[in-house]
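Ready for some practice in reading a protein model? Take your time with each task, and try it yourself before you look at the solution.

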Amino acid sequence: MSNKRIRTALAVLLMLVLLMICSVVTVRHCCGRLLRGTDLVLESLDSQQENAVSAAIEALEANWRRYSIPLHLFVPNQPLTDLNKSVFRLGAMQKDGCDELRAELCAVKADLEWIRGQEMTLF
């Protein structure tokens, strides 16, 4: 009887450890891809080519749509909601010629780095 309980407890413990590892890998992967997209937008902003900036922002938005779904499984909703708003404001800011575009991109990058760092501290 005790042997079954020990096996069950070990199975539950193993599943929790695997879930934690999966969480860290998923968050690091998704944030890494999004950070690379943010860096591409910043680089295209430095080159001052409007078409390149627009394409990089659209690619970042597409990546956000793709990677925000798995992030919602492992990250609290509030940081992702704020990040969602910031990512989708980038296109409008670029079309409007807003001076705060670079600052908003740096804020998106900082939020992604914070989320990625928080996931490691939980593990």
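The exercises below go through a predicted model, each with a worked solution.

**Exercise 1. The nonpolar core**

Task: Find out how many residues the largest nonpolar core has, and which elements give two or more residues to this core.

Solution:
- Step 1. Begin with the count: the largest nonpolar core has 26 residues.
- Step 2. Look for the residues with the most contacts inside this core; they are Leu34, Trp64, Leu71, Leu105, Leu112 and Ile115.
- Step 3. Now turn to the elements. Two or more residues come from each of helix H1 (2–47), helix H2 (50–74), helix H3 (77–96) and helix H4 (101–122).
- Step 4. Of these, H1 gives the most, with 8 residues.
- Step 5. Pick one core residue and list what it touches. Leaving out residues up to four places away in sequence, Leu105 touches Thr38, Val41, Leu42, Leu45 and Leu90.
- A general point to keep in mind: in soluble globular proteins, nonpolar side chains tend to be buried together.

**Exercise 2. Following helix H2**

Task: Describe the span of H2, and say where H2 bends.

Solution:
- Step 1. H2 has 25 residues.
- Step 2. From its first C-alpha to its last, H2 reaches 35 Å, which is close to the 36 Å expected at 1.5 Å a residue.
- Step 3. Next, follow the axis: H2 bends by about 40° at Ser68. A proline, Pro70, follows within four residues.
- Step 4. Finally, mark the buried residues of H2: Val53, Ala56, Ile57, Leu60, Glu61, Trp64, Tyr67, Ser68 and Leu71.
- For a look at spacing, remember that an α-helix has 3.6 residues a turn, so residues three or four places apart point the same way.

**Exercise 3. A charged residue inside**

Task: Which side chain of opposite charge is nearest to Glu61, and which residues does Glu61 touch?

Solution:
- Step 1. Locate the residue: Glu61 is found in helix H2.
- Step 2. Glu61 is buried yet has no salt bridge.
- Step 3. The nearest side chain of opposite charge is that of Arg65, 4.4 Å away. A salt bridge needs the atoms to be within 4 Å.
- Step 4. Not counting residues up to four places away in sequence, Glu61 touches Val87, Phe88 and Gly91.

**Exercise 4. The salt bridges**

Task: How many salt bridges does the structure hold? For each one, name the partners and say where they lie.

Solution:
- Step 1. The structure holds 3 salt bridges.
- Step 2. One joins Lys109 and Asp39, with the closest N and O atoms 2.8 Å apart. Lys109 lies in helix H4 and Asp39 in helix H1, so this pair ties together parts that are 70 residues apart in sequence. Lys109 is partly exposed at 24% relative accessibility, and Asp39 is partly exposed at 26%.
- Step 3. Another is formed by the side chains of Arg102 and Asp46, at 3.0 Å from N to O. Arg102 is in helix H4 and Asp46 in helix H1, so the pair ties together parts 56 residues apart in sequence. With a relative accessible area of 35%, Arg102 is partly exposed, whereas Asp46 is exposed at 52%.
- Step 4. There is also a salt bridge between Arg89 and Glu104, whose closest N and O atoms are 4.0 Å apart. This pair links distant parts of the chain, with Arg89 in helix H3 and Glu104 in helix H4, 15 residues apart. Arg89 is partly exposed at 38% relative accessibility, but Glu104 is buried at 13%.

**Exercise 5. Buried or exposed?**

Task: Why does Ser23 count as buried, and what does Ser23 contact? Then treat Val27 in the same way.

Solution:
- Step 1. Ser23 has its place in helix H1.
- Step 2. Buried means under 20% relative accessible area. Ser23 counts as buried because its relative accessible area is 8%.
- Step 3. Leaving aside neighbours within four places in sequence, Ser23 is in contact with Phe74 and Glu119.
- Step 4. Val27 also lies in helix H1. Val27 is buried because its relative accessible area is 0%.
- Step 5. Not counting residues up to four places away in sequence, Val27 touches Leu71, Phe74, Val75, Ile115, Arg116 and Glu119.

Conventions:
Residues are numbered from 1 along each chain as its sequence is written. This is a predicted model: local features need pLDDT of at least 70, side-chain atom pairs count only at pLDDT 80 or more; totals for chains, interfaces and linings use all residues. Side-chain values use heavy atoms; hydrogens and water are left out. A nonpolar core is a set of buried Ala, Val, Leu, Ile, Met, Phe, Trp, Tyr and Cys residues joined through side-chain atoms within 4.5 Å. Buried means under 20% relative accessible area, exposed over 50%, partly exposed in between (1.4 Å probe, protein chains only). Contact means heavy atoms within 4.5 Å. The expected span of a helix is 1.5 Å times one less than its number of residues. The bend at a residue is the angle between axes fitted to the seven residues ending there and the seven starting there. Lys and Arg count as positive and Asp and Glu as negative; His and the chain ends are not counted.
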